[in-house]
Amino acid sequence: FLLVVAMIVVGGLTRLTDSGLSITEWKPLLGALPPMHDASWQAEFAKYQAIPEYQLQNKGMTLEGFKSIYWWEWGHRQLGRLIGLVWFVGFLGFALARQIPPGWTGRLLLLGALGGAQGAIGWWMVSSGLTGTMLDVASYRLAVHLGLAFVILGFIAWYVFLLGRSEAELMTARRGREAKLFSLSTGLMHFAFLQILLGALVAGIDAGRAFPTWPLMNGQFFPADAFYVPDGNGGTLPVWHAFFENNGLVQFMHRMSGYLLFIFGVVVWLRGRKSSYQATRAAFHAVMAMLLVQMVLGIVTALTAAHVHVAITHQIGAVILWVLILRARHLSQYPIAGSIREGTA
């Protein structure tokens with residue numbers, strides 16, 4: 001769980017520092033070793049100099065400058081290898097020791113399969129920025145990559161919550177499930193996931209740096225030229241491209257979705273604070289508090305034109321909010337009965 005959180009943070013920093021295209025090949029095994037001498041560094045730099053990002057944006061970059069972005073991407077990929085190794089050693093060790101609980105083998109294999117798919121999707125994402133006139137990876141591929149990272153983190157968190165209590169405790173707790181609250185928190189989970197995907201689209205085209213004003217977008221509620229996307233040849237691309245590639249429209253969608261998510265979050269919190277269980281009430285209070293913090297972070301991110309430190313804090317906030325929503329949802333399904341005598345009811 002902690003490694004995947006670290007992976008999301010390092011991935012965000014890799015994007016914010018424009019380092020994601022510095023390694024132009026995918027070598028799952030051999031790529032674990034970085035360049036070891038000057039000739040190797042020059043060879044890697046030559047490969048980078050052949051892609052559009054260098055030719056159209058970073059022309060004249062020095063070898064030292066290249067190394068600074070190379071290490072970010074190398075570290076990101078290396079962390080992915082470490083996560084795969086931790087999963088493999090852990091799964092194999094518990095399997096050989098026959099300590100995997102009944103019914104859990106498939107669930108734990110799912111994590112490994114999703115991790116492997118994530119590596120392939122990561123390369124699919126990077127490859128989109130290596131040809132043509134692309135200066136960055138395709139935003140929709142970045143959204144798929146980040147979305148799957150949150151799916152993996154969500155599964156791990158849910159598994160941690162389940163394994164934290166015995167099967168007997170969970171069966172007993174399920175009898176007291178609050179179905180309506182569970183349904184509402186499930187809706188909030190899906191809404192938050194949509195907002196995370198929209199945030200990835202914003203990051204993918206650097207839309208967060210385009211409108212450093214709030215509440216209006218450069219003096220307008222709806223940005224000008226929201227459906228305009230040039231094709232690079234003096235013409236324009238079809239309107240649907242704007243939903244992925246127009247800075248104004250993408251940021252507008254992220255802002256509006258954020259407002260709606262906050263409003264829905266308040267509705268869910270108002271229901272959650274009436275729960276019969278103290279632990280569940282506390283969980284929804286935590287969600288509401290983090291939702292407020294995350295909204296403020298989003299506004300500050302826009303006002304600072306996505307300053308690296310603020311933007312990565314905003315992404316970390318998304319991780320925290322995501323896990324808190326899952327925790328509140330879990331407690332709606334498996335509430336913890338308190339004691340009136342001990343003051344925990």
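# A walk through a helical model

With a relative accessibility of 25%, Ala305 counts as partly exposed, a label used between the cut-offs for buried (under 20% relative accessible area) and exposed (over 50%), with a 1.4 Å probe and protein chains only. What you have in front of you is a predicted model, in which local features need pLDDT of at least 70 and side-chain atom pairs count only at pLDDT 80 or more, while totals for chains, interfaces and linings use all residues. Residues are numbered from 1 along each chain as its sequence is written, and side-chain values use heavy atoms, with hydrogens and water left out.

Let us stay with Ala305 for a moment. Its phi is positive, at about 55°, although Ala305 is not a glycine. You will find Ala305 in the loop between H11 and H12; helices here are DSSP runs of H or I with at least four residues, strands are runs of E with at least two, and both are numbered from the N terminus.

On either side of that loop, the axes of H11 and H12 come within 9 Å and cross at roughly 160°. These axes are lines fitted to C-alpha atoms, for helices over the stretch in contact, and the angles run from 0 to 180 degrees between N-to-C directions. H11 and H12 are therefore roughly antiparallel to each other, since angles over 145 degrees earn that name, while those under 35 count as roughly parallel, 65 to 115 as roughly perpendicular and the rest as oblique. The crossing of H11 and H12 is left-handed, that is, the near helix is turned anticlockwise from the far one by less than a right angle (clockwise would be right-handed). Sorted by class, the contact of H11 with H12 has 18 nonpolar, 8 polar and 1 charged residues. In this sorting, Ala, Val, Leu, Ile, Met, Phe, Trp, Tyr, Cys and Pro are nonpolar, Asp, Glu, Lys and Arg are charged, and the others, Gly among them, are polar.

Helix H12 also takes us inwards. Gln315 is found in H12 and counts as buried, at 19% relative accessibility. Beyond residues up to four places away in sequence, Gln315 touches Ile8, Gly12 and Leu146, where a contact means heavy atoms within 4.5 Å. His330 lies in H12 as well and is buried at 4% relative accessibility. Apart from neighbours within four places in sequence, the contacts of His330 are Trp158, Phe161, Leu162, Arg165 and Leu170.

Now for the nonpolar cores, each a set of buried Ala, Val, Leu, Ile, Met, Phe, Trp, Tyr and Cys residues joined through side-chain atoms within 4.5 Å. The largest has 57 residues, and those with the most contacts inside it are Ile8, Phe150, Leu153, Val287, Trp322 and Ile325. At least two residues of this core come from each of H1 (2-16), H5 (105-127), H6 (139-163), H7 (167-174), H8 (179-204), H10 (247-272), H11 (278-303) and H12 (308-333). H6 gives the largest share, 13 residues. Ile8 is a good place to look: setting aside neighbours within four places in sequence, Ile8 is in contact with Leu146, Ala149, Phe150, Leu153, Gln315 and Val319. A second, separate core has 16 residues, including Tyr48, Tyr54, Phe66 and Leu142.

H6 has a packing partner worth following. H5 and H6 pack at an angle of about 165°, with their axes 9 Å apart. That makes the two, H5 and H6, roughly antiparallel, and their crossing is left-handed. Among the residues that meet are Leu110, Leu114 and Ile121 in H5, and Leu148, Ile152 and Phe155 in H6. By class, this contact of H5 with H6 has 17 nonpolar, 5 polar and 2 charged residues.

Next, turn to Trp74 in helix H4 (residues 63-96). Trp74 is buried, at 18% relative accessible area. Leaving out neighbours within four places in sequence, Trp74 is in contact with Ile23, Gly31, Ala32, Leu33 and Pro34. Gly106 is 32 residues from Trp74 along the chain, and their C-alpha atoms are separated by 31 Å.

Our last stop is the loop between H8 and helix H9 (242-245), which holds Pro215. A cis peptide bond joins Trp214 and Pro215, with omega about 10°. Asn218 sits in the loop between H8 and H9 too. Phi of Asn218 is positive, near 55°, in a residue other than glycine, and Asn218 is partly exposed, with a relative accessible area of 42%.
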